[in-house]
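Hi,

Here is the structure I promised to pass on. Have a look first, and my notes on it follow below.

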Amino acid sequence: MKANQELRTERRMSHGTFIKKNISGWLFLLPAIILLYFVILRPIIQGAYLSLFDLKGYTPTKFVGFENYKIVLSNTDFIKTLRNTVEYVGISLIVGYLPPLIIALMINEMTKGSGFVKFALYAPGMVPAIVVSMLWYYIYYPDASGLLNMAITAFGGSPQQWIQDPHLVILYIVISMTWSGMGGTMLMYLAAMQGINRELYEAAQIDGAGVFKRIFKITLPEIYGVMLLFFCQQIIGVFQVMEQPLAMTGGGPDGASLSLGLQTYRYAFVYGKTGNSLALGIITFLILLVMTVVYHKMDKKING
Amino acid sequence: MLKVKKKENGVICASELNTWNSKRVAFILINIIVIIIALVMLIPIIWMCLSAFKDTQEFLQKPATIFPKHIEFGKIARVWKNTQMSSAILNTVIMTGGCIISNLVVSCLAGFSLSKLKPAGWKIISKIIFIMLLIPMSMSTVPLFMFFIDLPIIHISLKNTFVPMWIMSGINVFNILMVKSFFDGIPESYVEAAQIDGASNMKIFTRIMLPLSLPLLATLAIFAFTVNWGQFFWPMLVIDKQELMPVGLKIYLLKKDLPIDEYMMALLLAVLPIMIVFILLQKNIMKGVAIGGVKG
């Protein structure tokens with residue numbers, strides 16, 4: 001139907017307007033294409049190319065092949081950093097993947113007061129990431145002036161180390177990220193749920209299907225596409241975590257919260273080893289590229 | 001006590017809540033739990049506001065106080081002055097304003113072309129844009145930085161300007177797709193009628209498409225505002241002049257210099273503009289977020 005219409009419009013147009021349409025069409029696209037090239041494509045290509053060179057500052061001096069990769073991979077910190085990064089992703093999936101979905105399911109049941117609840121849950125999402133990090137830095141402050149230690153000491157407990165604790169620091173950073181990120185995800189789930197036809201539930205009720213059966217047989221299948229998208233977005237997003245550990249711990253204590261992203265940053269802007277930074281960036285990129293491809297494959301299966 | 005007459009959403013149907021049964025109990029519990037969660041989520045923000053007004057001694061005293069003993073409004077002015085907040089806010093306004101403009105202009109032009117002009121090859125471009133949605137960007141930092149400090153061919157450095165942030169904000173593939181799908185909803189006949197009247201594409205774009213999509217433009221602008229207001233990472237890389245720093249960067253650098261209570265006040269001042277916008281426009285903002293869920 002639509003294709004037919006397009007065909008007819010095209011036939012109605014003379015040859016001249018057809019060319020004109022193309023030229024002006026591409027002119028309108030031009031700013032986006034230029035930026036797409038310079039901001040997204042060129043950095044990837046140039047980064048891959050320059051990672052094969054020895055760089056002095058930001059100028060390539062000598063072709064060294066995979067030397068940068070060898071240095072980065074054999075660095076004693078690499079395995080630790082990779083493991084930390086995987087830990088960030090794993091913990092963020094545990095702490096942050098299901099809660100927004102479950103909360104959205106619950107808010108979807110409310111008849112009153114959902115306006116306030118949505119406001120309260122989304123408000124942290126409006127706080128800029130750097131302010132979130134710094135606010136939680138003080139919530140986790142290891143002496144009695146931090147909010148959590150204040151609460152603990154008020155109940156007679158002794159102050160905890162929080163982000164100074166090498167075993168749990170990643171968990172605490174992830175909690176601060178989840179606090180601000182959850183509201184937006186929740187709102188998106190909620191919107192997807194509200195698009196589901198009410199009659200499905202009423203029919204299920206008449207058929208005697210229980211509440212959980214309705215959730216698993218009607219609600220969730222209708223939002224699988226969104227769930228998959230958020231799952232992959234979260235993995236890809238958290239795998240690149242950098243600003244939060246940079247602001248909250250600087251990667252410490254003793255490298256316990258160092259992520260691949262932060263290490264890439266440190267190679268370039270702290271240690272001045274641009275070539276190593278580029279190589280580590282490419283390694284991270286390749287790991288994530290696999291994720292992106294998997295997502296597009298799975299998305300095709302679900303959404304056709 | 002509890003009467004649910006109308007229930008238009010959710011898994012549980014209204015008719016199931018008329019008698020005391022497990023579903024009614026669950027319904028009440030859900031309401032209580034959600035409200036508790038909502039209140040807990042607000043604690044950090046409330047704590048920030050209260051702490052900002054305590055003085056340093058009160059902050060460290062035991063047992064800790066919840067509410068500040070006396071609220072001294074002079075402190076706002078003092079911290080504002082000490083941290084040179086006015087220039088930081090002004091810088092942020094300029095930086096964010098440029099980001100919003102570049103974002104809207106590029107997204108709308110591209111969305112218009114992909115939706116209505118459809119030049120040969122538009123499908124490939126759409127496909128590329130769609131793939132870019134999930135492309136990881138973390139590795140681009142260094143090459144992009146090299147690009148900004150030494151633009152190819154013309155060899156100009158964009159250090160200590162806001163241009164790098166404006167350029168990066170200009171390309172937002174999600175927004176292009178959003179504009180395209182919004183423009184898709186505007187009937188083809190409007191465009192054709194204008195074309196028959198001899199209107200140029202630019203005229204169609206500015207006189208027909210843009211006026212019809214003001215709500216969308218507002219949503220995109222608000223989002224660009226909230227995303228860019230607190231930027232600190234790129235400003236940290238490209239700006240090293242004190243007088244050019246935006247609030248996000250200021251907040252990051254002030255951490256070491258201020259006592260905790262004054263720092264809380266600085267945080268509060270930095271988020272205040274964004275919180276005011278949120279409180280005033282919360283309905284539109286949350287509707288805008290929800291679009292992501294429907295499109296996804």
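Among the contacts in chain A that link residues at least 6 apart in sequence, 64% join residues at least 24 apart. Keep in mind that this is a predicted model.

As for what chain A is built from, I count 14 helices and two strands. Its radius of gyration comes out at 25 Å, well over the 19 Å that the globule rule gives for 304 residues, so chain A is more spread out than a compact globule. The C-alpha trace fits that theme, spanning about 65 × 60 × 30 Å along its principal axes. Of the 304 residues in chain A, 53% are buried.

On to the surface. Chain A exposes about 14,200 Å², with carbon and sulfur atoms supplying 64% of that area. On the charge side, chain A carries 23 positive and 16 negative side chains, and the centres of these two sets sit 10 Å apart.

Then there's the partner chain. In chain A, 103 residues are in contact with 107 residues of chain B. The size of an interface is often given as the accessible area lost when the parts come together. Here, the area buried between chain A and chain B is about 9,400 Å², and carbon and sulfur atoms give 78% of it. If you want somewhere to start looking, try A:F28, A:E109 and A:M126: they supply 9% of the area that chain A buries against chain B, more than any other three residues.

Cheers

Methods. Residues numbered from 1 in each chain as written. Chains lettered and ligands numbered in written order. Predicted model: local features only at pLDDT ≥ 70, side-chain atom pairs only at ≥ 80, totals over all residues. Heavy atoms only, no water. Helix = DSSP H or I, 4+ residues; strand = E, 2+ residues; numbered from the N terminus. Rg over C-alpha atoms; globule rule 2.2 N^0.38 Å. Buried < 20%, exposed > 50% of the residue type's maximum accessible area, 1.4 Å probe, protein only. Contact = heavy atoms within 4.5 Å. Areas by Shrake-Rupley, 256 points an atom, 1.4 Å probe, with all protein chains shown as cover. Lys, Arg positive; Asp, Glu negative; His and termini not counted. Charge placed at Lys NZ, Arg CZ, Asp CG, Glu CD. Buried area = accessible area lost by both parts, 1.4 Å probe.
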